[in-house]
There are 2 protein chains.
Amino acid sequence: MSYCLAIKVNEGLVFASDSRTNAGLDNVNTYSKMFTYNVGDRAFVILTAGNLATSQAVYHQLEKDINSPSPEINLNLCEDLEAVAAYIGKLNTEIYSQSLEVQNQSALMGSYFILGGQIKNQEPNILLIYPEGNYIYASTDNPFLQIGETKYGKPILDRMINKKTPIADSARVALLSLDSTMRSDLTVGPPIDFVVYKKDQMHLDYQGRYKLESPYFKELSDTWAHKLTDAIHSLPKFSWEDNN
Amino acid sequence: MSYCLAIKVNEGLVFASDSRTNAGLDNVNTYSKMFTYNVGDRAFVILTAGNLATSQAVYHQLEKDINSPSPEINLNLCEDLEAVAAYIGKLNTEIYSQSLEVQNQSALMGSYFILGGQIKNQEPNILLIYPEGNYIYASTDNPFLQIGETKYGKPILDRMINKKTPIADSARVALLSLDSTMRSDLTVGPPIDFVVYKKDQMHLDYQGRYKLESPYFKELSDTWAHKLTDAIHSLPKFSWEDNN
């Protein structure tokens with residue numbers, strides 16, 4: 001499995017993804033699932049979960065189209081984020097359909113993508129693109145999108161993320177959501193690719209890659225563990241407990 | 001879905017289960033998934049997730065056998081927890097097999113059970129019983145068992161529960177695990193059935209049922225939400241953050 005996450009708050013966007021892939025329990029590997037593109041009037045981050053071959057083929061085609069001398073379409077030509085989502089969705093279904101011709105294991109060949117970013121002075125946004133090529137925006141009440149192994153890391157997002165959450169807090173919550181998922185599911189693993197994009201800056205302000213032993217990530221994870229333990233100890237007592 | 005949880009720590013056992021059932025999105029109902037039995041030298045709690053008809057049939061047969069004048073087996077006759085687990089497993093597969101004869105939807109007809117308790121001076125324990133009738137104990141490192149919608153509530157258990165965790169803290173963590181799951185998944189819902197069993201007491205010390213508005217549960221949930229927010233705000237800052 002994979003776990004990828006994007007958050008949209010008023011101040012900007014946050015993206016995080018794990019790097020573990022597995023084709024069976026005895027074939028575990030590390031691949032980045034994040035594609036970034038930042039040229040001129042546009043900045044994009046694309047995350048993927050699902051079939052690695054399909055995802056890589058989509059990313060390769062995006063790069064080919066960028067470098068093509070006479071492209072029909074590429075990331076530079078899209079007028080808005082919806083056009084980018086439709087473009088990625090089309091590539092995804094094309095590659096997916098080619099796989100289906102070879103073998104009929106549809107459930108295992110599809111890939112999911114999260115697209116986020118900003119074009120010119122348009123509103124920054126995040127979208128989830130399905131294997132079928134269609135896509136959805138994040139809701140206003142729960143302004144985040146997840147793909148892959150989504151459940152372990154969802155409660156902290158449900159509790160902490162709304163559109164007014166400061167972007168730095170949102171970034172920390174994203175890392176904690178990854179941290180919780182990695183602890184509970186071995187098929188989600190480090191390093192964590194990480195991008196924070198502040199609205200209207202038009203460049204990907206902060207890109208990082210965290211291993212478990214990276215100083216900031218380790219300090220974050222350890223501090224969180226201590227704070228949770230303190231929080232447990234400060235909860236109200238049951239009526240049947242001794243008061244000593 | 002359902003969510004049921006049992007924890008085994010050195011001081012005793014904790015059990016918690018939600019009460020929501022749904023047969024399709026438009027057929028949501030409330031049933032307790034907890035069965036308790038406490039007579040003489042034995043105290044049991046049984047939790048269930050899966051097919052409600054199968055689970056109820058198992059619980060009814062357990063009761064019938066207790067009241068039978070000449071039972072082959074019942075909860076009073078079992079020598080140890082393993083015998084109880086095998087007994088429940090056998091009932092489960094018998095009822096499950098009867099359903100299979102009628103319709104071939106095996107995946108939807110099975111039920112899972114968690115059994116926990118103590119008989120005489122034996123070690124208290126918890127076991128998970130599969131639809132196939134076999135069963136497992138909790139591991140020593142992660143001394144808890146979950147059935148149903150298990151993922152949302154697992155990270156807090158992974159972080160907080162080990163065999164030395166005090167029983168009152170374990171009980172609070174169990175409620176928080178239910179709380180997180182109910183917030184993230186609408187098919188898991190209140191009231192929460194809840195039992196705390198202290199080792200060697202031979203009676204179910206504390207049984208409760210919490211609604212969202214029950215004073216203790218509300219205080220616990222609110223305090224936890226505030227503490228988590230405080231914890232987020234006390235995490236280390238990123239290098240790119242303003243220090244003001």
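**Entry 1: a lysine in helix 6**

I began with B:Lys227, which I found in helix 6 (residues 215-233) of chain B. A note to self before going on: this is a predicted model. B:Lys227 comes out as partly exposed, its relative accessible area being 32%. I then asked what B:Lys227 touches once residues up to four places away in sequence are not counted. The list I got holds A:Ala231 and A:Ser234.

**Entry 2: how the chains relate**

Those contacts sent me to the symmetry. I superposed chain B on chain A and got a rotation of 180° with 0.0 Å of shift along its axis, at an RMSD of 0.0 Å. That is how a two-fold axis relates two copies. I also checked the contact residues: 100% of those in chain B recur in chain A, and the same surface serves both copies. Which residue of chain B comes closest to the rotation axis? My lookup gave B:Tyr152, with its C-alpha at 2.4 Å.

**Entry 3: salt bridges**

Next I turned to charges. As a reminder, side chains of opposite charge can pair when their charged atoms come close. My search of the whole structure returned 26 salt bridges over all chains. I opened three of them.

The pair that crosses between chains came up with B:Arg172 and A:Glu241, whose closest N and O atoms are 2.6 Å apart. I traced B:Arg172 to helix 5 (residues 167-184) of chain B and A:Glu241 to the segment after helix 6 (215-233) of chain A. Buried or exposed, I wondered, is B:Arg172? B:Arg172 counts as buried, at 3% relative accessibility. A:Glu241 counts as buried too, at 13%.

Within chain A I looked at A:Asp193 and A:Arg209, with 2.8 Å between the closest N and O atoms of their salt bridge. A:Asp193 sits in strand 11 and A:Arg209 in strand 12 of chain A, so this pair ties together parts 16 residues apart in sequence. I noted A:Asp193 as buried, with a relative accessible area of 7%, and A:Arg209 as partly exposed, with 44%.

The third bridge joins A:Lys199 to A:Glu123, and here the closest N and O atoms are 3.7 Å apart. I placed A:Lys199 in the loop between strand 11 (192-198) and strand 12 (206-210), and A:Glu123 in the loop between strand 7 (111-119) and strand 8 (125-129), all in chain A, so the pair ties together parts that are 76 residues apart in sequence. A:Lys199 is partly exposed at 34% relative accessibility, and A:Glu123 is partly exposed as well, at 46%. I followed the links onward and found A:Lys8, A:Glu123 and A:Lys199 in a network of salt bridges.

**Entry 4: enclosed space**

Time to look for holes. Rolling a probe the size of a water molecule over the atoms shows where empty space is left. How many cavities of 30 Å³ or more does the structure hold? I counted two.

The largest cavity has a volume of about 210 Å³. I listed 14 lining residues, and A:Pro155, A:Ile156, A:Ser180, B:Pro155 and B:Ile156 lie nearest the centre. Both chains take part: helix 4 (154-160) and helix 6 of chain A, together with helix 4 (154-160) and helix 6 of chain B, are the elements giving two or more residues to this lining. I sorted the lining of the largest cavity into ten nonpolar, two polar and two charged residues.

The second largest cavity comes to about 30 Å³. I was pleased to meet the network of Entry 3 again, as A:Lys8, A:Glu123 and A:Lys199 are among the residues lining this cavity. The others are A:Val9, A:Asn10, A:Gly12, A:Leu13 and A:Pro124. I saw two or more lining residues coming from each of strand 1 (3-9) and strand 2 (12-17) of chain A. By class, I have three nonpolar, two polar and three charged residues around the second largest cavity.

**Entry 5: an open pocket**

I also looked up the second largest pocket, which has a volume of about 510 Å³. It is lined by 21 residues, and I noted A:Met1, A:Asn22, A:Gly50, A:Asn51 and A:Leu52 as those nearest its centre. Where does the lining come from? I found that strand 3 (20-22), strand 6 (42-50), helix 1 (52-67) and helix 3 (106-109) of chain A each supply at least two residues. I made the class count for this pocket eight nonpolar, eleven polar and two charged residues.

**Entry 6: a loop threonine**

Last, I visited B:Thr140, in the loop between strand 9 (135-137) and strand 10 (144-148) of chain B. B:Thr140 is exposed, with a relative accessible area of 55%. From B:Thr140 to B:Ile46 I read 94 residues in sequence and 21 Å in space, C-alpha to C-alpha.

Definitions and conventions. Residues numbered from 1 in each chain as written. Chains lettered and ligands numbered in written order. Predicted model: local features only at pLDDT ≥ 70, side-chain atom pairs only at ≥ 80, totals over all residues. Heavy atoms only, no water. Least-squares fit on C-alpha atoms with pLDDT ≥ 70 in both. Contact = heavy atoms within 4.5 Å. 1 Å grid on protein atoms, 1.4 Å probe; cavity = no way out; pocket = protein on both sides within 12 Å on 5 of 7 lines; lining within 4 Å. Points joined across faces, edges and corners; volume = space filled by probe spheres on them. Helix = DSSP H or I, 4+ residues; strand = E, 2+ residues; numbered from the N terminus. Nonpolar A, V, L, I, M, F, W, Y, C, P; charged D, E, K, R; others polar. Salt bridge = Lys/Arg side-chain N within 4 Å of Asp/Glu carboxyl O. Buried < 20%, exposed > 50% of the residue type's maximum accessible area, 1.4 Å probe, protein only.
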